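Here are my notes for you to read alongside the model. Keep the sequence and the 3D view open while you go through the points.

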Amino acid sequence: MANEFLAVSDGTFTLSETELKNQFYFYRNDGEVLTDIDREPMDLYQAYIMRKMMNGEITDMVMNNIYSETSDDGKCIRLTICDIGEKTVKSNNLTGRKKQSNFIKRLINKIFG
């Protein structure tokens, strides 16, 4: 059975868990380039955290640093969540872009048939 990743959406954008803990993909549901985004990634991350709290999966206060990387085609943002004070190595590009692209294609096919 394939892993199901938790995702939250506002109808236009989606924030989805990845196979790596504390890493998420943010993208438009229609697959278009991300333009004119403001707080949408953070708003969906907050909705994700609230869902986890309501399900009892998170019981402590949440305070994190959030790093973001945009894909070369501008259609996806990878968010990496780190505890405050924890350092992360940021790369200049999204590694595993092909895997990410296939994941998004599978997700879009699942949503739209």
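Notes on the model

1. Let's start with one pair of residues: isoleucine 77 in β5 is the bridge partner of phenylalanine 26. Bear in mind that this is a predicted model, where local features need pLDDT of at least 70, side-chain atom pairs count only at pLDDT 80 or more, and totals for chains, interfaces and linings use all residues. Residues are numbered from 1 along each chain as its sequence is written, and side-chain values use heavy atoms, with hydrogens and water left out.

2. Now step back to the whole chain. Its secondary structure comes to two helices and five strands (DSSP runs numbered from the N terminus: H or I of at least four residues for a helix, E of at least two for a strand). Going along the sequence, you'll meet them in the pattern β-β-β-α-β-β-α. Of the 113 residues in the chain, 31% are buried (buried is under 20% relative accessible area, exposed is over 50%, and partly exposed is in between, with a 1.4 Å probe and protein chains only).

3. Which strands pair with β5? Strand β3 (residues 23-28) runs antiparallel to β5 and is joined to it by five bridges, while β4 (residues 64-70) is also antiparallel to β5, with seven bridges. Two strands count as paired if DSSP finds at least two bridges between them. On the β4 side, tyrosine 67 has threonine 80 as its bridge partner in β5, and glutamate 69 has arginine 78.

4. Strand β5 itself (residues 76-83) is mostly covered, with seven of its eight residues buried. The hairpin of β4 and β5 has five residues between the strands, and there glycine 74 takes a positive phi near 75°.

5. Two other residues have a positive phi although they aren't glycines. Asparagine 22, with a phi of about 65°, is in the loop between β2 (13-17) and β3. Aspartate 36, with a phi of about 50°, lies in the loop between β3 and α1. Are they buried or exposed? Asparagine 22 is partly exposed, with a relative accessible area of 37%, whereas aspartate 36 is exposed, at 76%.

6. Helix α1 makes a nice length check. Its 15 residues should span 21 Å at 1.5 Å a residue, and its end C-alpha atoms are 21 Å apart, so the two agree. (The expected span is 1.5 Å times one less than the number of residues.) The buried residues of α1 are Pro41, Leu44, Tyr45, Tyr48, Ile49 and Lys52. They cover an arc of only 145° around the axis, so they sit on the same side of α1; the arc is that of the directions from the helix axis to the C-beta atoms.

7. Finally, look at the largest pocket, which holds about 400 Å³ of space. A pocket here is an open set of points on a 1 Å grid over the protein atoms alone, where a 1.4 Å probe fits, with protein on both sides within 12 Å along at least five of seven lines; lining residues have an atom within 4 Å of a point. Grid points are joined across faces, edges and corners, and the volume is the space filled by probe spheres set on the points.

8. What lines the largest pocket? There are 22 lining residues, with Lys21, Asn22, Tyr45, Ile49 and Ile58 nearest its centre. The largest share, four residues, comes from α1.
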